[in-house]
Amino acid sequence: MHDTRLSAANALALMSKYDLVADGSDNFSTRYLVADACYFAKKPLITAAVGTFDGTLTTIRAHQNGKDGKPNPTYRCLFPEPPPPGTVPACSEAGVLGALTGVLGSMMALEVIREIVGFGEGLVGRLLMVDARAMRFETLNYAWDETNPLSGTNPTIKDLSIHG
């Protein structure tokens, strides 16, 4: 636990102390900062997010190549840019089901343990989507995007300064 706000200035120093990062932040600016910082710090990232009735979970190992020799995808390969401000209500505005955060939190903890111990098939390149209304779980496959600005063939994001 750190009694400090995560920023572009301190993210790499904070992350350097850990083997992996688990992010459940509730805003897009923090999610992108954490994901970009994990890429530069060469740390695996397990990230979960919830909406009012839905949630997602994935693992990012963008600092490594996959079994096919291609780079693993970054968060920006999955979500190239955050949605425009005001288009997605914050959890504090829209509300979330407490039980849904418990489900995603437990699944996130399981994915962290799986990453550490190394059993089974992880979520690298796969987005687990939870629909609480239909009680449905689906998985979306995604891959490295050569045009992504972080790790693509012509990256434009070279450090965390874009997070000002």
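Student: Which residue in β4 does Thr56 stand opposite?

Tutor: Strands of a sheet pair through backbone hydrogen bonds, either parallel or antiparallel. In this predicted model, Thr56 stands opposite Met129 in β4. Strand β3 (residues 54-60) and strand β4 (residues 126-131) pair in the antiparallel sense over four bridges. Two strands count as paired if DSSP finds at least two bridges between them. Helices (H or I, at least four residues) and strands (E, at least two) are DSSP runs, numbered from the N terminus. Residues are numbered from 1 along each chain as its sequence is written. Local features need pLDDT of at least 70, side-chain atom pairs count only at pLDDT 80 or more, totals for chains, interfaces and linings use all residues, and side-chain values use heavy atoms, with hydrogens and water left out.

Student: In what order do the five strands form the open sheet?

Tutor: The order is β1-β2-β3-β4-β5, with mixed pairing. β1 (21-23) and β5 (136-141) are at the edges with a single partner strand each, so one side of each has no neighbour in the sheet.

Student: Which residues of α5 are buried?

Tutor: An α-helix has 3.6 residues a turn, so residues three or four places apart point the same way. In α5, the buried residues (under 20% relative accessible area, 1.4 Å probe, protein chains only) are Leu100, Leu104, Met108, Glu111, Val112, Arg114 and Glu115. They cover an arc of only 160 degrees around the axis, taken from the directions from the helix axis to the C-beta atoms, which puts them on the same side of α5.

Student: Which residues are exposed on the other side of α5?

Tutor: Gly98, Ala99, Leu110, Ile116 and Val117 are exposed there, with exposed meaning over 50% and partly exposed in between.
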